[in-house]
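Me: I'd like a close look at a single part of this model, centred on one residue and the helix that carries it. Could you start there and work outwards to the surroundings?

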Amino acid sequence: MTPQLMPARRPSHALPRLSAVRRSLSDAPAPDVADIFVGLVSRLNAVAIQVHRTATLRSDCTDIRSYARHMGESHVWLNEALLTALEKAGSSLTPDYVPSPEQQRDIDALQLSETTRFDIDYIRFQNRLYLDMLSLCERFLRTRPSMADLSIYALTLCDYLRHHLTQFAPTLSPKQASAA
């Protein structure tokens, strides 16, 4: 499937709808904000892991495969760091590591991307995913969460995502590149 066909299916595939994230975080009572954030960010990390692992298998470019392998390992580490932050905070919140059925369909669509277009489809997918993760973290931080360790995790994740978005800024629209 080419990137031109993917947006026709759903503009922000493999990602939670931003309006749903916005509503979830702003309308939720204070204790639920952290729970919603943990569920969404851990699920998005799981999506990232699957997407990067797909790229290690599908890309014809050794640099992309190497990058994807590193990124997949980094997202495993990010989920471990999330668990550590929750443990330090004494929280009983539980991460959700399973992509939603809709997210899984979008990962599957990437896996079926045409070989000649796979690398650009992969990078665009990653960029959209990272922009939504960045937006989620920023919204979470604006709620002034009471869990300092979770705030530090969100700040660290923001820096990490911004760094990787700048690596592929030429594949972003000017509006998206300025947001990163």
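Reply: Let's start with His 164, which is buried: its relative accessible area is 6%, and the cut-off for buried is under 20%. Keep in mind that this is a predicted model. His 164 sits in helix 7.

What does His 164 touch, leaving aside its neighbours within four places in sequence? The contacts are Tyr 67, Met 71 and Tyr 130. Tyr 130 is 34 residues away from His 164 along the chain, yet the C-alpha atoms of the two are separated by 8.3 Å. Tyr 67 and Met 71 are both among the buried residues of helix 4.

Now the helix itself. Helix 7 covers residues 148-167. Its 20 residues take it 29 Å from the first C-alpha to the last, close to the 28 Å expected at 1.5 Å a residue. His 164 has buried company along helix 7, including Leu 150, Tyr 153, Ala 154, Leu 157, Cys 158, Leu 161 and Leu 165. Ser 151 and Tyr 160 are buried there too.

Helix 7 also has charged residues to look at. Arg 162 is partly exposed, at a relative accessible area of 28%. Which residues pair with Arg 162 in salt bridges? One partner is Glu 138, with an N to O distance of 2.6 Å. Glu 138 belongs to helix 6 and Arg 162 to helix 7, so this bridge ties together parts that are 24 residues apart in sequence. Glu 138 has 26% relative accessibility and so counts as partly exposed.

Another partner of Arg 162 is Asp 159, this time at 3.8 Å, N to O. Asp 159 and Arg 162 are about one helical turn apart, because three residues separate them in helix 7. Asp 159, at 51% relative accessibility, counts as exposed, since the line for that is drawn at over 50%. Through shared partners, the salt bridges join Glu 138, Asp 159 and Arg 162 into one network.

Step back along the chain from helix 7 and you get to the loop between helix 6 and helix 7, where Arg 144 is found. Arg 144 has a phi near 55°, which is positive in a residue other than glycine. Is Arg 144 buried or exposed? It counts as exposed, with 73% relative accessibility.

Helix 6, the one carrying Glu 138, has a packing partner of its own. Helix 5 (residues 101-111) packs against helix 6 (residues 118-142) at an angle of about 155°, and the axes are 10 Å apart. That angle makes helix 5 roughly antiparallel to helix 6. From helix 5, the residues at this contact are Asp 106, Ile 107 and Leu 110, and they meet Phe 118, Asp 121, Tyr 122 and Phe 125 of helix 6. Sorted by class, the contact has five nonpolar residues, two charged ones and no polar ones.

Back to helix 4, the source of two of those His 164 contacts, Tyr 67 and Met 71. Helix 4 runs 39 Å from its first C-alpha to its last over 27 residues, close to the expected 39 Å at 1.5 Å a residue. Its buried residues also include Ile 64, Ala 68, Gly 72, Ser 74, His 75, Leu 78 and Asn 79. Just after helix 4 comes Gly 90, with a positive phi of about 70°.

How many salt bridges does a search of the whole structure find? It finds three. Besides the Arg 162 pairs above, there is one between the side chains of Asp 96 and Arg 43, at 2.2 Å, N to O. Asp 96 is in the loop between helix 4 and helix 5, while Arg 43 is in helix 3 (residues 30-58), so to speak a link between distant parts of the chain, 53 residues apart. Asp 96 counts as partly exposed at 25% relative accessibility, and Arg 43 is partly exposed at 23%.

Finally, the wider setting. The chain has eight helices and zero strands. Of its 180 residues, 47% are buried, His 164 being one of the buried ones. Of the contacts in the chain between residues at least 6 apart in sequence, 78% join residues at least 24 apart. The contact between His 164 and Tyr 130, which are 34 residues apart along the chain, is a good one to look at with that in mind.

Methods:
Residues are numbered from 1 along each chain as its sequence is written. This is a predicted model: local features need pLDDT of at least 70, side-chain atom pairs count only at pLDDT 80 or more; totals for chains, interfaces and linings use all residues. Side-chain values use heavy atoms; hydrogens and water are left out. Axes are lines fitted to C-alpha atoms, for helices over the stretch in contact, and angles run from 0 to 180 degrees between N-to-C directions. Helices (H or I, at least four residues) and strands (E, at least two) are DSSP runs, numbered from the N terminus. Angles under 35 degrees count as roughly parallel, over 145 as roughly antiparallel, 65 to 115 as roughly perpendicular and the rest as oblique. Contact means heavy atoms within 4.5 Å. Ala, Val, Leu, Ile, Met, Phe, Trp, Tyr, Cys and Pro count as nonpolar, Asp, Glu, Lys and Arg as charged, and the others, Gly among them, as polar. A salt bridge is a side-chain nitrogen of Lys or Arg within 4 Å of a carboxyl oxygen of Asp or Glu. Buried means under 20% relative accessible area, exposed over 50%, partly exposed in between (1.4 Å probe, protein chains only). The expected span of a helix is 1.5 Å times one less than its number of residues.
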